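I opened my notebook for a quiet look through this one. My plan was to go through pockets, rings and a helix in turn.

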Amino acid sequence: MTSSRRITDLHSLVYDTDIANATIHMLTYMAFGIIMPTAPAMIPTTRGMTSRSNNWTMSIAFTWPIRTGEVFQHIRDITTLIGGGNSQSGITRPHGWRDVLVFSNPSAAERNGYADREGLQENGDYWYAAQGKQGDQQIDKRSNKSLLDTRNNGGAIRLFIYQVDSGYHYVGPFGLSEIPYIQTNEHPRLYAFCLTPQGADTRLLSKLTHSDKQLNTLHNTVRCEDWKPKSTLFAEIPEHSYESKRAQQLEHIQEQAFGEWLKQQGKSVLDLHLRVEGREITTDLFDSTDAEIIEAKSSNSRGHVRMAIGQVLDYVHNFNNRKTQVTDSLPPIAKPAILLPNEPEPDLTALCASLKIKLYIPAGISTEGFRELTKS
């Protein structure tokens, strides 16, 4: 048994698989005469429809009907197609669905003073301002709770972004980030949900959140400024969706020590900002003397090293392919380096060496400074 609707994303594929599995179970039970002959009632659930009799339960899931990139003039056009949902709310879960619809309006966020809590972030997450206009926002109540519930019920977060000249563009499915929300203000308490693309069109996301002029201006260019060590005070460290404040504090302490050590060696240390696809990405450290872009991590675990490898290669790729490579005063080509608090596992050291990524770690308890594990 398959759906007549076209599968538009991974979540729809999961839903269609559920339909097939449920049908197989039903036919098996019928073959052994387990199912009562009376017709079972159809009961709506957060996934779709659940069919129940005295002896069995079958969930039938509905395939998501909207293709990425489709545009709707009004929210009610979307909720009518889905078959439910509150067209007056920015967050709504239609009856019978686990999925939650989220409607973002960047121009309204700018106009009403919450643009700092809503929009595309450097790491590719999309922040969405929590609901609640007066006083402290309640992150675990009403519409906000429906977003948090997707962590446990398997629902997707369906993001629509509004453009004044066209309407609501469907960007695709998202899920909550590892850190699902952050507090952006203390009095009153304000929050932003951290949405990570899970099959969404990230190119469309960039286009919808930046003008064509911004995309052309902020693409494949760089800017540098004097290095300013990040704050190591816990209270001054901003919250992010991808790392705890404690981890960031440890990373900042290590960055500061390494930057000072580089300067003692006579190196020129800069803050490097890469402009890619309409947004600016800032690297941890840039040694312009040796042309090294350094990515620092608070841990030498396998997950942290693998993430650092991807990040630093991304930075180097964009730096080496910048538009102003011939005309600016920076080194034409940069090399990748990673700063860790201790040695990683030997195979990871070998991996970095094979990718020509230099590894730095502290020299030791009795020795100041840092040492190289691999040479690029």
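How many nonpolar, polar and charged residues does the lining of the second largest pocket have? I was working on a predicted model, and for this pocket I noted eight nonpolar, ten polar and three charged residues in the lining.

**Entry: the pocket.** I looked up the volume next, and the second largest pocket holds about 500 Å³ of space. Its lining is made up of 21 residues. Nearest the centre I found Gly90, Tyr114, Tyr128, Gln131 and Lys133. I also checked which strands take part: E6 (100-104) and E8 (126-129) each give the lining at least two residues.

**Entry: ring pairs.** I counted 15 aromatic pairs. One of them is Phe258 with Tyr360, whose ring centres are 5.0 Å apart. Their planes meet at 55°, so I put this pair down as tilted, since only angles over 60 count as edge-to-face. Phe258 belongs to helix H7 (residues 245-264) and Tyr360 to strand E18 (residues 358-364), so I was looking at a link between distant parts of the chain, 102 residues apart. Both Phe258 and Tyr360 are buried.

I then turned to Phe286 and Phe319, another tilted pair, with 5.5 Å from centre to centre and 50° between the planes. Because Phe286 sits in strand E15 (residues 285-287) and Phe319 in helix H8 (residues 302-320), the pair ties together parts that lie 33 residues apart in sequence. Phe286 is buried, and Phe319 is buried too.

**Entry: a cluster, and charges over rings.** Following ring pairs from one residue to the next, I arrived at a cluster of Trp64, Phe72, Trp97, Phe103, Phe160, Tyr162, Tyr168 and Tyr170. One of its members, Trp64, has the charged end of Arg158 over its ring, 4.3 Å from the ring centre. I met Phe319 again as well: the charged end of Arg322 sits over its ring, at 4.0 Å from the centre.

**Entry: helix H9.** Which residues of helix H9 (residues 346-354) are buried? I listed Leu348, Thr349 and Cys352. They span an arc of only 105° around the axis, which means they are on the same side of H9. That fits a rule I like to keep at hand: an α-helix has 3.6 residues a turn, so residues three or four places apart point the same way. On the face turned away from the buried side of H9, I noted the exposed residues Pro346 and Ser354. My last look was just past H9, where Lys356 takes a positive phi of about 60°.

How values were computed
Residues are numbered from 1 along each chain as its sequence is written. This is a predicted model: local features need pLDDT of at least 70, side-chain atom pairs count only at pLDDT 80 or more; totals for chains, interfaces and linings use all residues. Side-chain values use heavy atoms; hydrogens and water are left out. Rings of Phe, Tyr and Trp (its six-membered ring) pair if their centres lie within 6.5 Å; planes under 30 degrees apart count as stacked, over 60 as edge-to-face and the rest as tilted. Helices (H or I, at least four residues) and strands (E, at least two) are DSSP runs, numbered from the N terminus. Buried means under 20% relative accessible area, exposed over 50%, partly exposed in between (1.4 Å probe, protein chains only). A charge sits over a ring if NZ of Lys or CZ of Arg is within 6 Å of the ring centre and within 35 degrees of the ring normal. On a 1 Å grid over the protein atoms alone, a cavity is a set of points where a 1.4 Å probe fits but cannot get out, and a pocket is an open set with protein on both sides within 12 Å along at least five of seven lines; lining residues have an atom within 4 Å of a point. Grid points are joined across faces, edges and corners, and a volume is the space filled by probe spheres set on the points. Ala, Val, Leu, Ile, Met, Phe, Trp, Tyr, Cys and Pro count as nonpolar, Asp, Glu, Lys and Arg as charged, and the others, Gly among them, as polar. The arc is that of the directions from the helix axis to the C-beta atoms.
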